[in-house]
Amino acid sequence: MYSRYEWVEYSVKEDAVYCFSCRHFAKSAVRKGEILGSRTFIDRGFCKWSDQHALLEQHQESEWHQSSMLAWANFRDVAAGKQTSTASQLSAGRSTEVKENREHVKALLRATRYLGCQGLAFSGHDKSPNTENRGNFCAFLKEMTEIDDNLKVKMQRRYGHYLSPVYQNDLIRVFGDRVRKTIVDEVKVANFFPS
Ligand SMILES: [Zn+2]
């Protein structure tokens with residue numbers, strides 16, 4: 001299921017499926033006929049296992065979900081330092097938002113680079129939302145809010161802080177790709193490679 005639907009998040013506790021993309025990147029407005037707090041895949045998990053294939057497909061095809069997937073892809077492009085095709089078409093106001101988001105992603109990348117270089121674990125043992133210690137990644141960013149007011153504002157937004165393990169893995173992958181590319185480039189220009 002995870003390979004077919006990259007957006008699926010599974011809650012062991014609830015034995016239910018959520019949509020990572022819609023939970024974090026969908027527009028905040030509620031769609032017609034829906035009630036905030038009871039949206040399937042977003043506020044409450046999906047657990048009708050007998051109908052799962054049809055309903056997962058239906059969710060995947062929905063316009064709402066597809067726009068959230070675009071926003072998620074855009075986040076990953078920004079994290080990877082790629083220029084987005086839509087960025088050049090944005091209004092001045094939106095450009096400011098994009099600029100702020102890029103600064104925020106830079107802070108996330110800084111935390112990722114620091115922990116990676118030091119060989120430190122990203123998350124802690126206790127993953128419950130109310131835990132006092134959410135691991136090194138969150139602790140590092142929290143420290144940075146002491147000297148970065150913009151980061152502080154972002155971190156206080158419900159879906160604006162991008163701290164979940166899925167984001168952390170995306171950020172680690174960005175560095176992994178960069179390191180691999182650097183090594184490959186160095187090997188390509190080397191006159192010989194010692195065995
Ligand atoms: Zn979705």
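The legends below describe close-up views of a predicted model of a protein chain with a zinc ion.

**View 1. The whole chain combines seven helices and two strands.** Along the sequence, the order is β-β-α-α-α-α-α-α-α. The chain has 195 residues, and 32% of them count as buried. Take the contacts between residues at least 6 apart in sequence: 60% of these join residues at least 24 apart.

**View 2. Strands S1 and S2 form a hairpin.** S1 covers residues 8–11, and S2 covers residues 16–19. The two strands run antiparallel and are joined by four bridges. One pairing to look for is Glu9 with its bridge partner in S2, Tyr18. Four residues lie between the strands. In this turn, Asp15 has a positive phi of about 50°.

**View 3. Strand S2 is covered on both faces.** In a regular strand, side chains alternate between the two faces of the sheet. On one side of S2 sit Ala16 and Tyr18. Val17 and Cys19 sit on the other. All four of these residues are buried. Tyr18 is also the bridge partner of Glu9, and Cys19 also serves as a zinc donor through SG.

**View 4. Four protein donors hold the zinc ion in a tetrahedral site.** Two donors are sulfur atoms, SG of Cys19 and SG of Cys22. The others are NE2 of His59 and ND1 of His65. These atoms lie 2.0 to 2.3 Å from the zinc ion. Angles among the four donor atoms are 102 to 114°. For four tetrahedral donors, the ideal angle is 109.5 degrees.

**View 5. The zinc donors are spaced as C-x2-C-x36-H-x5-H along the chain.** Cys22 belongs to helix H1 (residues 20–25) and His59 to helix H2, so this pair ties together parts that are 37 residues apart in sequence. Cys22 and His59 are both buried.

**View 6. Helices H2 and H3 cross at roughly 65°.** Two packed helices are described by the angle and the distance between their axes. H2 spans residues 52–61, and H3 spans residues 63–79. Their axes come within 5 Å. On the H2 side, the contact is made by His59, Gln60 and Glu61. Glu63, His65 and Gln66 make it on the H3 side. By class, the contact has four polar and two charged residues, and no nonpolar ones. The contact residues His59 and His65 are also donors of the zinc ion.

Note on methods. Residues are numbered from 1 along each chain as its sequence is written. This is a predicted model: local features need pLDDT of at least 70, side-chain atom pairs count only at pLDDT 80 or more; totals for chains, interfaces and linings use all residues. Side-chain values use heavy atoms; hydrogens and water are left out. Axes are lines fitted to C-alpha atoms, for helices over the stretch in contact, and angles run from 0 to 180 degrees between N-to-C directions. Contact means heavy atoms within 4.5 Å. Ala, Val, Leu, Ile, Met, Phe, Trp, Tyr, Cys and Pro count as nonpolar, Asp, Glu, Lys and Arg as charged, and the others, Gly among them, as polar. Donors are N, O and S atoms within 2.8 Å of the metal (3.2 Å for Na, K and Ca); water is not among the atoms, so sites may look incomplete. Four donors count as tetrahedral if all angles lie between 85 and 135 degrees; four count as square planar and six as octahedral if opposite donors are over 155 degrees apart and all others between 65 and 115; anything else is irregular. Buried means under 20% relative accessible area, exposed over 50%, partly exposed in between (1.4 Å probe, protein chains only). Two strands pair if DSSP finds at least two bridges between them.
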